[in-house]
Amino acid sequence: QLQLVESGGGLVQPGGSLRLSCAASRFNVANYAMGWARQAPGKEREGVSCISSIGGITNYADSVKGRFTISRDNAKNTVYLQMSSLKPEDTAVYYCVRYSGRLCTRSSDYWGQGTQVTVSS
């Protein structure tokens, strides 16, 4: 069964950094656009970032531009989200997302279980 398993979440102080990982199984991340989304308490789920499998084109939500970086390691079949200069408003459950094709314009078709990120002093 296809799986997306996130790791790397935790508690961090404002201004700190975390790196989230998403290990995929039963498909090759190289063949799909992959991304991250998040859901904060009491808020709707929002897209954070996406990386296409054509040219590695990336996009980011305005709220994280310049602070977050998405990347992939095709050999490890893993997608990463490097988060820096974290703010309390980044607190959320972060989900790994697979899109139904190679471009980030496609709809999502699989989601991981999520990993909690809490930014607090």
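User: Happy to look at this one with you! How many helices and strands are there in the chain?

Analyst: Good place to start, and keep in mind that this is a predicted model. Reading from the N terminus on, every position in the order of elements is a β. The count for the chain is zero helices and 11 strands.

User: What radius of gyration does the chain have, and what would a compact globule have?

Analyst: The C-alpha trace spans about 40 × 30 × 25 Å along its principal axes. For 121 residues, a compact globule would come out near 14 Å, and the chain agrees with that, its own radius of gyration being 13 Å.

User: Of the contacts between residues at least 6 apart in sequence, what share joins residues at least 24 apart?

Analyst: Some background on the chain helps here: of its 121 residues, 43% count as buried. As for contacts between residues at least 6 apart in sequence, the share that joins residues at least 24 apart is 58%.

User: Now the surface: what part of the exposed area do carbon and sulfur atoms supply?

Analyst: On the charge side, the chain carries 13 positive and 8 negative side chains, with the centres of the two sets 6 Å apart. The chain exposes about 6300 Å², and the part supplied by carbon and sulfur atoms is 45%.

User: How many disulfides does the structure hold, and what is the pairing in sequence order?

Analyst: A disulfide is a covalent bond between the sulfur atoms of two cysteines. The structure holds two of them. One joins C22 to C96, and C50 and C104 form another. With the bonded cysteines numbered in sequence order, the pairing is 1-3, 2-4.

User: Let's take C22 and C96: is their disulfide left-handed or right-handed, and why?

Analyst: The S to S distance for C22 and C96 is 2.0 Å. C22 sits in strand β3 (residues 18–25) and C96 in strand β9 (residues 92–99), so the bond ties together parts 74 residues apart in sequence. Both C22 and C96 are buried. The torsion about their S-S bond is about -80 degrees, so the disulfide is left-handed.

User: And where in the chain are C50 and C104, the cysteines of the other pair?

Analyst: Their sulfur atoms are 2.0 Å apart, and a torsion of about -90 degrees about the S-S bond makes this disulfide left-handed. The pair links distant parts of the chain, 54 residues apart: C50 is in strand β5 (residues 46–51), and C104 is in the loop between β9 and β10 (108–111).

User: Why does C50 count as buried?

Analyst: The cut-off for buried is under 20% relative accessible area. C50 falls below that cut-off and therefore counts as buried, its relative accessibility being 2%.

User: Which residues does C104 contact, leaving aside neighbours within four places in sequence?

Analyst: C104 belongs to the loop between β9 and β10. The C-alpha atoms of C104 and N59 are separated by 8.3 Å, with their positions 45 residues apart along the chain. Leaving aside those neighbours, the contacts of C104 are A33, C50, I51, S52, N59 and Y99.

User: One more: R26 has a positive phi although it is not a glycine. Is R26 buried or exposed?

Analyst: The phi of R26 is about 75 degrees, and R26 lies in the loop between β3 and β4 (34–39). Exposed means over 50% relative accessible area. R26 has 69%, so R26 is exposed.

User: N77 has a positive phi too. Is N77 buried or exposed?

Analyst: N77 is not a glycine either, and its phi is about 55 degrees. N77 is found in the loop between β7 (68–73) and β8 (78–83). Its relative accessible area is 13%, so N77 is buried.

Methods. Residues are numbered from 1 along each chain as its sequence is written. This is a predicted model: local features need pLDDT of at least 70, side-chain atom pairs count only at pLDDT 80 or more; totals for chains, interfaces and linings use all residues. Side-chain values use heavy atoms; hydrogens and water are left out. Helices (H or I, at least four residues) and strands (E, at least two) are DSSP runs, numbered from the N terminus. The radius of gyration is taken over C-alpha atoms; the globule rule is 2.2 Å times the number of residues to the power 0.38. Buried means under 20% relative accessible area, exposed over 50%, partly exposed in between (1.4 Å probe, protein chains only). Contact means heavy atoms within 4.5 Å. Accessible areas come from the Shrake-Rupley method with a 1.4 Å probe; for residues, only the protein chains shown count as cover. Lys and Arg count as positive and Asp and Glu as negative; His and the chain ends are not counted. The place of a charge is taken as NZ of Lys, CZ of Arg, CG of Asp or CD of Glu. A disulfide is a pair of cysteine sulfur atoms within 2.5 Å.
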